[in-house]
Amino acid sequence: MNDFTFYLKMGWEHIISKDALDHQLFILVLIAVYTLQDFKKVLILVTAFTIGHSLTLALSVFDILRVPSDWVEFLIPCTIAITALINIFGKNNPKKQMKLNYSLALFFGLIHGMGFANSIRMMLAKEQSIGIGLLGFNVGLELGQIVVVLVVLILLFILTAMTKLKRENWIMFVSSGVFALSLQMALERIPF
């Protein structure tokens, strides 16, 4: 149980810590088209991200997949920027955007999972129970994402109730800001 708790905490911090800005930005822009009433849909969405993330971690831990970390660190903000652009250009059709987001979450989760793969591979390789470590990490990641999602959706609910902010304006504001930040991150991390 100690291994599970250790990795659960690590997964939690992987999404909640101040060093997790890229993951937080991705979750923010991914859920920008949703409202608090869509909470169940958002849970499925973040679970799709976790599944993609988990697959990559597992493949990495078992040494089936290795991608140079400089490329991964560049691709992560690219996935965020792409998601933001899709939101900006699809802001008038949130239903279509929601359907697309499930695929984005799963596919981009694969890329984001590579970002932590090298660190966790070394830790888990020393453990006897790799499965317990992976499970704990992924449960912690999922719990952290749910907290981030709840905070964002509640803040959005309060903001829209107080200001009568239009959904399209919220999507444009969040997506434009996240696009600018992620583009800057990507330019700083170009691997050549």
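This passage describes the nonpolar cores, a nonpolar surface patch and one backbone feature of the structure. The model is predicted, with local features requiring pLDDT of at least 70, side-chain atom pairs counted only at pLDDT 80 or more, and totals for chains, interfaces and linings using all residues. Residues are numbered from 1 along each chain as its sequence is written, and side-chain values use heavy atoms, without hydrogens and water.

The largest nonpolar core (buried Ala, Val, Leu, Ile, Met, Phe, Trp, Tyr and Cys residues joined through side-chain atoms within 4.5 Å; buried, under 20% relative accessible area with a 1.4 Å probe, protein chains only) contains 36 residues, of which Ile-27, Ile-31, Tyr-34, Val-42, Ile-80, Val-149 and Trp-170 touch the most other members. At least two residues of this core come from each of α2 (21-30), α3 (39-61), α4, α5 (94-125), α6 (130-163) and α7. Helices are DSSP runs (H or I, at least four residues) numbered from the N terminus. A second, separate core of 10 residues includes Tyr-7, Met-10, Phe-116 and Phe-137.

At the surface, Trp-71, Leu-75, Leu-183, Leu-187, Ile-190 and Phe-192 form a nonpolar patch of about 600 Å². Two or more residues of this patch are given by each of α4 (69-89) and α7 (167-188). Such a patch joins nonpolar side chains (Val, Leu, Ile, Met, Phe, Trp, Tyr) within 5 Å, from residues with over 30% relative accessible area and no salt bridge; a salt bridge places a side-chain nitrogen of Lys or Arg within 4 Å of a carboxyl oxygen of Asp or Glu. Areas were computed by the Shrake-Rupley method with a 1.4 Å probe, with only the protein chains shown counting as cover for residues.

Lys-164 lies in the loop between α6 and α7. Although not a glycine, Lys-164 has a positive phi of about 60 degrees.

Conventions
Patches are made of residues with over 30% relative accessible area and no salt bridge: like charges are joined within 9 Å, nonpolar side chains (Val, Leu, Ile, Met, Phe, Trp, Tyr) within 5 Å. Buried means under 20% relative accessible area, exposed over 50%, partly exposed in between (1.4 Å probe, protein chains only).
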